[in-house]
Amino acid sequence: MYYVYVLKSHNHWRFYVGMTSNIARRLDEHNKGRTRSTKGYRPWILFFTESYPSREEARSREKYLKSGSGKEFIKEKW
């Protein structure tokens, strides 16, 4: 199972969209500063997740959420 996740920075007005097979491990990596693109906006909280049976489906959804339309979708959930 693969997961598409959206993180929200606790201290900044930032979101991050990613994909993983282990959400707990990935969130821990983001909060420990092991990801260059999210290091400066820690701490992160899990905003929402979606699960997909294949990596290809998850990657497609991740790409959508990183697009302009996807960003609007995330803002509506806010």
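**Entry 1: the sheet**

I started with strand 1 and strand 3, which pair in the antiparallel sense over eight bridges. I should jot down right away that this is a predicted model. I picked out one bridge to look at: Tyr2 has Tyr52 in strand 3 as its partner.

Then I turned to the other neighbour of strand 1. Strand 1 and strand 2 are also antiparallel, and I found six bridges for that pair. The two form a hairpin, and five residues sit between them. On this side, Lys8 has Phe15 in strand 2 as its bridge partner.

Val4 was a handy residue to check, as I could follow it both ways. It stands opposite Glu50 in strand 3, and its bridge partner in strand 2 is Met19.

Putting the pairs together, I get an open sheet of three strands in the order 2-1-3, with antiparallel pairing. Which strands are at the edges? Strand 2 and strand 3 are, since each pairs on one side only. I also noted the twist, which averages 20° from one strand to the next.

A reminder to myself from class: in a regular strand, side chains alternate between the two faces of the sheet.

**Entry 2: how enclosed are the strands?**

Next I looked at burial, where buried means under 20% relative accessible area. In strand 1, six of the eight residues are buried, so strand 1 is largely enclosed by the rest of the structure. Strand 2 gets the same description, because five of its six residues are buried.

I zoomed in on Val17, which lies in strand 2. Is Val17 buried or exposed? Its relative accessible area is 8%, so Val17 is buried. Leaving out residues up to four places away in sequence, I listed what Val17 touches: Val4, Tyr5, Val6, Glu62, Leu65, Lys66 and Ile74. I also looked up Val17 and Lys71, which are 54 residues apart in sequence but 9.5 Å apart in space, going C-alpha to C-alpha.

**Entry 3: helix 1**

Helix 1 covers residues 23–31, and Arg26 is in it. I wanted to know which residues of helix 1 are buried. They are Ile23, Arg26, Glu29 and His30. Why do they count as being on the same side of helix 1? They cover an arc of only 125° around the axis, so they end up on the same side of the helix. Strand 1, strand 2 and strand 3 are among what covers them.

I gave Arg26 its own look. Its relative accessibility is 17%, and the cut-off for buried is under 20%, so Arg26 counts as buried. Not counting residues up to four places away in sequence, Arg26 touches Tyr5, Tyr16, Thr20 and Thr35.

**Entry 4: helix 2**

I moved on to helix 2, residues 55–65, and found Ala58, Arg61, Glu62 and Leu65 buried. Their arc around the axis is only 105°, so these residues are on the same side of helix 2. On the other side of helix 2, I found Glu56 and Lys63 exposed.

What covers the buried residues of helix 2? My list includes strand 1 (2–9), strand 2 (15–20), strand 3 (44–52) and helix 3 (68–77). Two of the names here were already in my notes: Glu62 and Leu65 are among the residues that Val17 touches.

**Entry 5: helix 3 and its neighbours**

Last stop, helix 3. I saw that helix 3 lies across strand 1, strand 2 and strand 3, and that helix 3 runs at about 120° to strand 3.

Two packed helices are described by the angle between their axes and the distance between the axes. For helix 2 and helix 3, I have an angle of about 80° and axes 5 Å apart. Helix 2 and helix 3 are therefore roughly perpendicular to each other.

Which residues meet there? From helix 2 I wrote down Arg61, Tyr64 and Leu65, and from helix 3 Ser69, Gly70, Lys71, Phe73 and Ile74. Sorted by type, the residues of this contact divide into four nonpolar, two polar and two charged. Ile74 rang a bell, and I checked back: Ile74 is also one of the residues touched by Val17.

Key: Residues are numbered from 1 along each chain as its sequence is written. This is a predicted model: local features need pLDDT of at least 70, side-chain atom pairs count only at pLDDT 80 or more; totals for chains, interfaces and linings use all residues. Side-chain values use heavy atoms; hydrogens and water are left out. Buried means under 20% relative accessible area, exposed over 50%, partly exposed in between (1.4 Å probe, protein chains only). Helices (H or I, at least four residues) and strands (E, at least two) are DSSP runs, numbered from the N terminus. The arc is that of the directions from the helix axis to the C-beta atoms. Contact means heavy atoms within 4.5 Å. Two strands pair if DSSP finds at least two bridges between them. Axes are lines fitted to C-alpha atoms, for helices over the stretch in contact, and angles run from 0 to 180 degrees between N-to-C directions. Angles under 35 degrees count as roughly parallel, over 145 as roughly antiparallel, 65 to 115 as roughly perpendicular and the rest as oblique. Ala, Val, Leu, Ile, Met, Phe, Trp, Tyr, Cys and Pro count as nonpolar, Asp, Glu, Lys and Arg as charged, and the others, Gly among them, as polar.
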